[in-house]
Structure formats: C-alpha cells, structure tokens
Amino acid sequence: MITFLTLLPLAGGLLVLVVGRSRVVARSLALLVALASLAIALAIWHGFNPAASGFQYEVLRNWAPSLGMSYHVGVDGLGVLMLVLSGMVVLMSLAASWKNEKHGSLYLALVLFLECGLFGTFTALNFVHWFIYWEVSLIPAFFLVRLYGGPNRNRASTQFFLYTMVGSIALLLAFLALYLATGTFDFVDLARLAQHGQLAAAFANLHWGLGPPAIGEALFWAAFLGFAVKTPVVPFHTWLPATYAEAPSETTMLLTGAMSKMGIYGFLRILLPIFPQEMQHALTPLLWLAVATIVLPAFAAWYQKDLKRTFAYSSVNHLGYCILGVCAAAKFTGADAALAQEKSAALTGVLLQIFSHALTAAALFWFLTLLERRAGSRGINDFGGLRKVVPVFSGLMGIAIFASLGLPGLNGFPGEFLIFKGSFPLVTWPTAISVLGLLMTAVFLLAVIQKVFSGPVNPRWQAMPDLTAAERLAFIPVIALMFLIGLYPQIITGMIHSTIAQWIATLTPGVTL
Amino acid sequence: MTDLHLWLIPLVPVAGFLVNGLFGRKFPKALVTTVAIIAAAVPMLQVADIALRFSSLAKPYIESHGTWIAAGALHANFAFQLDQLSMVMLCVVTGVGFLIHVYSIGYMAHEEGYWRFFAYMNLFLFFMLVLVLSANFLLMFVGWEGVGLASYLLIGFYYTRDSAANAGKKAFLYNRVGDVGFLLAMFLLIAHFGTLNFADVFAAIGANPSLHGGILTVIGLLLLLGACGKSAQIPLYVWLPDAMEGPTPVSALIHAATMVTAGVYMIARAHIIYDRSATALLAVAAIGTATAFFAATMGMMQTDIKRVLAYSTVSQLGYMFLGCGVAAYSAGIFHLVTHAFFKALLFLAAGSVIHALGGEQDMRVMGGLRRKIPVTFWTMTAAVFAISGFPPLCGFVSKDEILYQAFVSPTPAGKVLWAIGLFTAGLTSFYMFRLWYMTFFGESRAVAHEEEAAIHARHDTKLAIEAEHTHPVHESPKSMLVPMIILAILCVIAGAMGWPEGLGGNNWISHFLAPAVSGAHLQYEQARVAIATGAVHAAGENQSPAPAKNLEIILAVLSTLVALSGWYVAHLMYYKRRDLPARLTARFRAVYALIFNKYWVDEIYGALVIAPVLFIARWVLAALVDRGVIDGGGLLAGYTAQGFGSLAARIQSGNIRAYAGWLAACAALLLVAVYFGWTTHFGIH
C-alpha cells in the first residue's frame, strides 16, 4: 500500500510529461493523481489502528542484508499524519496552480515527483532509501525554483541547494559512521540499540581514537545540521527567505507546507530516538537555538517589505515552537511520571503544530498566489483598503492570518498551547521567553492586515476581482479544516496517542503513562 | 436545578453572526435587523428564565459538553458553569447587550456595512457569554481572546480610515501583552494543580491551607497583567481612549459595559488565589487606585465627548479593581453592574447627541442642547448624577461601598487608598458636570456649526452622510430613546440592590454574591479552612455592620459632600464664569500641559519600548538575521565552491549533469562506506 502510494505520483508525473502537450489535460491529470494520492493517504489513515503501538502497513524486504540495506517501510502515528499532510499540501498547491498558464506539464510533473519524495521520506525506515527519497525530493524543488521562480531565482535556488546539500552531506556522513559502528541502517534497529545503551558501546568499533561519548556527540551534531538546515533552525535559516520569496508562490506552499516538515520529522524519527543521550547533553544550546528560532524571525518578519518574506519568516517562527517542544521532550527527567506526562503533551503539541502549520502556511501562500496573480505585486505597502474591494478574499485570508496568530478556536491554538503547556514545567525560562514570540507574531500579522486590507483604498486596485465561485469552493474545505482542528483537535491527537506513549516509554524508561 | 442548557445561551448569538456574516450582504436591512435582534433577545430571555428560577446554589451548576484539548492529566472541556457570579454577569451582558442592539438599529441606520456591524455585535455577544459561562480557565481564555477579536473588528469598523485601523490594532496588541500574562498564569496553574477547571483548582487551593503567597502570588500577578490589558488599567490602559474610533454603540457595549469589565470578573472569579496572596491583592488595589486617579485627571481635559467618557471608564474600572483589591469582591462586582448601567447610558446619550449634531463629537462646539433634545438631556442627567455619586442613585451606592470597604480594610494601605479614591470621586463629579454643562447649557454653538457641517466632515463617516440631509438638531428616533430611558430608570433604582446595611438597607447583592465570591464561604473548599492570611482577611462582607454603622454614615456624607463640591467647581467654571478655565490654564501652564498631553504616556511608551524594539529589529536583527541571507549565503557559497572545487562550481551553474554527478558521488560514497563497513565491521566480528 505504502509502496503503491509512493510510486503513484512518480508514475503520474511521468504520465503527465508524456501526455502533457495540452495544459488542460496535464493539469487535470496532475490534479487527479494528487486527489488519488490524498485518497490513498486517507485510506491508510482510516485503516490505521491508533490503539496499536509500533509500525503498521510495514513491509520489510531484505535487499542486501550483508550491507545493512533493506527495503523497510511502515507508518506509525507520525508517519500517517505526514502522509495525509503531504497529500493535502500537494493538492492545495496544484489547485493553486490551476490557472497559472506558466505552469505547464513539466512544472506539474516536478510537483508530483516531489510528492513521491515526500511520501518516501515519511515512510522509509531504512536510511539508504530514506536518504534517496530525501535527496530526490530536493531535486524537483530545486528545479521548481530555478525554472519558474522570480528574478533572483538563480541565486536563490543555488543557495537553497548548497545549504541543504551541506546538511545532507553531514547527515550522510553521520549515518555512514553509524553503519560502520553497528552494521545496520535501519532506524528501528538503531533506535532499539540506543534505547538499550548498546549504541555507545558500538561506537568503540570505530577506532577513531575518541571515546564513545565524543563520537556520539559528533554524529549527533552532524545529523542535527542536516535537519536544522531543512527545518530551518536559526542560524541555518538564511537560505529560506530568499528561496521562499523567489519560488513561485505555489511552490512555496510545498516548501513551507510539506518540505519544512521533513526537518521536524527528522528530529522526531531520528534525533530523538537514536540520539537521546546526546540531545540531553546538548539540551542547553539546543533550547536557546529553539528560542532564537521562535523570537528572532518574529522580529525579522516585522520589517519585511515583501509579503512573501514576511510569511517566510513567520513560517520559521512557527516551526520554532516545534523545535522547542522536541527539545523539552528530550530533557532528562528520571522516573518522574508527571514530567513524562508533560513530555507527552509537548510532543502531542508538536505533531498538532506540524499539521496545523502545514494547513495555515499553505493556505496563506495560496492567498498570496491569488493576490500576486491579480495585482502583479506583493509589496506590503503596495496595497490598502482591500477589504472594500475584495471582501471575500480579505475575510478568508483574515481567518487564515488569525489562525496563524494562534486565536483559540482556530487550528493554530491547540498545538501551540500544548507545546507551551508541556514545555513550561520542563524548561521554564526558554518557554517563558518563547511566549513573547506569540506577542511579536501578533504584531507583524496585524501590521499585514492593517497595511493590506485597511486604510484608504488604493485606487490602483479599484477593479481587482474578488474570489471566483470556484476559488471560494476550493477554500471551503481548507477553512472548514481550520475550524475543525481548532475545535476538535482529537481528530489528530487520537491518531498519535499510542505513538507518543511509545516515544515517552523509550525516553523515560521505567515510567508508564 | 435540572438541565439548564447553558450552551444555548452563547450558541444563539453565534448563529446570528453566521447568518448575517455569510448572507447579510444580500439581505434587506429589515432582515439583518430581525436576525441580529432575535440573536440578542433569545439569550436574554433564557437568562431571565434562569434568573427567575434561580433561588440559591450551594455549589456551582456545571454542564460539560465533551473534551476540547486533552493531554496527559489535563482535560479542558467545553464546560459551562452557573453560579451567583456568572448569573450576575449574564444578566448584565444579555440585558445591556440587548438594549444596545436595539439602540444600534436607529444609530447605525444610515451606515454602509449595517449587516457587518450587527454580525460583529452578535459575534461579540457569543464570545462574551463564553467568557462568563466557562467553567475553566482555558475556555475563559477563548472568550477572552474572542471578545478581543470582536473589539478589534468593531473598533476598526470604519476600516478605510487609518486612525480606526490603527486603533483596532493598538487595542489588540495591548491586550495581547496582557494575554501573555494570562497564558503564563495558566501554565503555572497546570504545572501546580494539573487542571484548569475552576472548581478543581480552587478546591486544591482550599484543601491546602498552608499554601500562601509564593506561587499564588506569581499566578495572581500574571493574571493581573491579563486583567490590566483587558480592563485598560495602568500600564496597559492606553488603547481604550483610542478605541473610541469605533461606532458609539460599540463603545457603550464593549468599551464600557461588558468586555472591559472582564478583568474585574476574572479577578473575582479567581479570588481564592488572591485571598491567599496579600502581595497580589495589594497590587490589584494599588493599580486600581492609581488608574482611577490618573484617568480621572486626564478625563478633565478632554474636549471630545467620547474621550471624556473613555477616560472615565478607565477610572471607574480602577474603582472596581480597588474593590477587589481590598477583598470586597462583591463590591467590585456591584460597581461593575451599576457602571454597566450608567456608563452604557452615558455613551448612548453621547451617541444621541452626536447623532443630533450630525456627527460632531467636539464639546467645544456643542452647548445649549437642553431644550432641543430633552429626552437625551434628562436621561443623561440621570447618568451624570449617578456616576458623580449622588444618593440615592446607583453609582453612589456602589462607589461608596468600595470606598467604605477600603476604609475598613485591615490592609495598612487601606486609608490611603480610601483617601485617593475619595478625592478621585470629586474629580469624577467635576469632569462629568463639565461635560454636562458644555453639552447642554449655555448658548447653542451648534447653530453656527451646522453650516460648517461639511467642513468638519473629518470626524465620522456618519457626518458625511448626515451632512447631506442637513436637518436641524433633532431628537433621536424611538429605537434609540427607549433603551436610554430604560437604562435611566435602572440608574435611579439599581442602587436598591446594594443599599448598605449601615444606611438602613439590606445590601442584597452582597449576600446574593457571597456564596460565589466571599472569602468566608469558600464553597469550593472541602474542609472549611480559615483564611488566616491576616492582612487580607475577607474584609466586610460577612462582618456585622452594626458597630460600623456610624462610620458608614459619616463616610457616605463625606463622599456626598465631595461630589457636591466637584459639581460646584464645574458649575463655577463652565456655567457661571466661562472665562475661568482659560485663566486657570494660563496660570498653571505646566500642570495643564502635563495633563492635557495625557502625561505623554503614549510618547514615553513609544520612546522607551517601541522605538528600541524597532531599532533592534531594523538594524541589529537586520544585520544578523536578514542580511545574513545575502552575506552569509554568499560566504558559504564561496567557501563551498573553494572546498568542492569544480563540482560545486558546476552545481552553481545549474546544469543537470551536475546533479547527476552529485547523486553519483553520493551513491559512490555510500558504496565505499558500505564496503569499508563490510570489511572492518564484519571482519572484526
């Protein structure tokens, strides 16, 4: 099922390339493939047993066992959430591209290739093919920016590629060392070794002239670099604003909605289970990096002149909450059951936030797509009074902005609340400072509303058309989902409950929730 | 009580919001009105029904409708709670809310966006009702944020005006500062009590008599920060005067009668926390008293009729904080109720004046309106006398109760707080009669004004619309006058609810509220724990008033005299000798400038907080975070190019071969490593 799901967009993309002479056929086909992928992802979600622990839909084929390679896929609560998220964001992005004449069959095929990479990354449980998917998703993303981006696309795409490549190399080297030490590339095996303390012993096999703890820490930081660039964590974020701004907005939807989640996914799937001790040792610097990732971009977003850059920084800020939650959960707490509960809350919040941010950020960049297409401009000071001209557009985007701002009742609040609630007793001061991020988020988001939607009507946009009936129809499920998650977060937390319980069990041995 | 279906109370207004919000644009005006009024009337009727059946509750009635957010031990439910405190709040919110909805039919009749206005008003009612009905801090926070949102939307109702858009943003952000305090307080509550349910938190505190100060002080102060944001207290009050950019009914409902009192409600709700922390309690009293005084001084100098009332609201909210701060929560809540009546009426009457003058808000061009709009004049007169503290009107009773409680409070600061409060009562009387005289007495300056109506079209879009009609000064329609008359009657009679025992009454409201807010009847406590904080021993409520009878009479006479003297000074300056104000300002120029410029607080905040933050964001962070994009990225690109030689150079050139090469290199690296791994690793074993 998972293999089929992963290969479907790949095949679909190739088919789009083959038959894609006519844009009408190509875009219909691409949308169909994306719909089918989402449907399968939802079927997996539906068939997933949330009460059972461990991986489901698991496939394990020995490939080259002597080399530690096997084809190993499966999903737990995190994986199934990521599948639905990827399917959803890709569908939204393709819907946003629907009317973009520049996006021909190659563009659509690249998006589908990217979807293949996403599905693969979120289901692979063996490093070798996981890494292939990880890299494979990068290449279509690169070309989407390079071929379809704004005026500075060459520079931006190169920077994007170089940064993520450096991260990837570090990650690769770390895993090669892990393999040399243990003889396996399998995430599940590695996590088991780490849990039983055998990983550190295995490092002695490396004969590097360093003690096992030092090796462990070096490998941790190398792997961290890979995910820190992808997420990104400040100060490894500098590729992001340029890339998000230069990419076509439809592609930015993919970058922020789905690809940024690959980084957080790495934190949860790899760093937390395989390097728990190393994370505990590095907790203080990690926490302050998380705080910096929350607070600094919120300030930076404030003085941006380009709406896409504003929301790009906003995206960094929102993912910072996830990093904070993960780091708090990594803290060593001994056998304290109450604090283990808090870790569970923080990680639940992280997963909620991942999904909710994907939804909100993709929606916001979708609105920017439409705005840019109507106005040909996206400077924050170029607008004014749009509420009067395009009330429906303004109202719906307003809802998305307030969701991003964390208004209770919308999707942003439950995740952020749980992250803070869980992190606060674990790491009080970094959390307290991070709460200031909430304040700054409000500052720059309200500034956007004010400059774009309020004030005197800018005569340039007097004739701007409001959302068409089709566009309104397309946004109904998006907005409805924002309210659904805001009011009934159990729809997600119910799926991830036992996965998180299992994580907690490995993080805090001896405590049962 | 059996099933009360409390959930219906907020549900009906939100239905009204959805109907008008989604389809109102295409509805005829009458349909919009019908939907909105029904959405405001049904909850009022339901509340009235509940109130009539309400006899007494030993412990709160709680109904729960499923879990909202659950994680670990925390289960925050969609749970509603009815006790004496929420009963009183419900009556105020639905009653005054309904009257102001009716008033708005007339006031907003000529506005573009009529449907939008009523949709937002219904939305506000929904969130306000959630706020007062919620049975836990988290759901209360939903209402708390939601009323902020509704307020933001309604302040910015005339959104094409920059000043309105700015004011809305300012209100939301100052509230957000307070929300940080509220959130942190919630995290602390969860960390220490594992729950956010009022009943459970308060029971946990009650069951632990040794818990004093410490963490409760921190929680109390953080909640106070939240309350200062919502209720416009020092240091976060500056948003409220600007909020007057909203239409006048909004000012009456949200920025006078209901939303801004949420902070007082929250402190009364959480009184068990404050009972256990003398420090937090004193902070409440001190902030309230200071705000009452400073806001009153600023109110004396305003010339915009709505801004006078705005500062007055800030000042009166300060009194409510003072009441709570001396642990006389029921006195604070009683003043909240009477204030809802007289301040809503003052705003509605001011709106009627503005309506009559075609949008003018500057008192300097009013005057002589007494005979032209008599109903407005007489209703406003009732409110002016009420707020100024003339017996037996409601404002006198509730304010006097607060001052009395401050006086007899065992806190050492009690007498000081009382003295400042008393002096402020004089200032209140002065600025209210100043408004009264400038608006309704003297020669009519409005006649000349009418001709200039078009020139003054800067104040209000109302003006521009009504200037076209250029009808003479006219009394408002019935839909506006009837709510005003009802409120005026309430101003006169509502004092009976809390007529003090010392003056021959029975202080009914204090006894009614006692089960919910009296420190001596901690209904949540499992064991009856004496509150032995000493300094904050629940002052008053259940102490026998007999020995204090004479004292209460003396204090009441004193405060009446103060109110009279305020009236006298205003009479002198703004009726008898009109030249006095100018001469006095010339004489005391420095003081005048200080107060006229509102102590430059906005400017000081700008210079001390906003400018440095902006500076850091603009220059320091720009260099570190944003410029890093170009420089850091360029540097890294350079290094990489050197390090990886021609491969990186080809990657930068961006052709496909380079990527094939990159993938091949990765694959090769993998293979080599695997080979080494195979030989070394398995060689060893």
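Let me begin with the overall dimensions of chain A: for its 513 residues, a compact globule would be expected to have a radius of gyration near 24 Å, and the chain has 22 Å, which agrees. I should say straight away that this is a predicted model, and that the values I give are computed from it.

Staying with chain A, its C-alpha atoms fill a box of roughly 70 × 55 × 40 Å when taken along the principal axes, and the chain contains 21 helices and 2 strands. Of the 513 residues, 70% are buried, while the area that chain A exposes comes to about 15000 Å², with carbon and sulfur atoms supplying 67% of it. If we look at contacts between residues at least 6 apart in sequence, 81% of them join residues at least 24 apart.

Now to one helix of this chain, H5(A), which runs over residues 127–148. At 1.5 Å a residue, its 22 residues should span 32 Å, and because the end C-alpha atoms are 31 Å apart, the two values agree. Of those 22 residues 18 are buried, so the helix is largely enclosed by the rest of the structure. At its N-terminal end, H5(A) is capped by A:Asn126, which places a side-chain oxygen 2.9 Å from the backbone nitrogen of A:Val128.

Finally, a single residue in chain B: B:Glu552 sits in helix H23, residues 549–576. Is B:Glu552 buried or exposed? Its relative accessibility is 5%, and since buried means under 20%, B:Glu552 counts as buried. Leaving aside residues up to four places away in sequence, B:Glu552 touches B:Glu401, B:Tyr404, B:Pro500 and B:Gly502.

Notes:
Residues numbered from 1 in each chain as written. Chains lettered and ligands numbered in written order. Predicted model: local features only at pLDDT ≥ 70, side-chain atom pairs only at ≥ 80, totals over all residues. Heavy atoms only, no water. Helix = DSSP H or I, 4+ residues; strand = E, 2+ residues; numbered from the N terminus. Expected span 1.5 Å × (residues − 1). Buried < 20%, exposed > 50% of the residue type's maximum accessible area, 1.4 Å probe, protein only. Polar contact = N/O pair within 3.5 Å; in protein donor to acceptor, adjacent residues only side chain to side chain. Rg over C-alpha atoms; globule rule 2.2 N^0.38 Å. Contact = heavy atoms within 4.5 Å. Areas by Shrake-Rupley, 256 points an atom, 1.4 Å probe, with all protein chains shown as cover.
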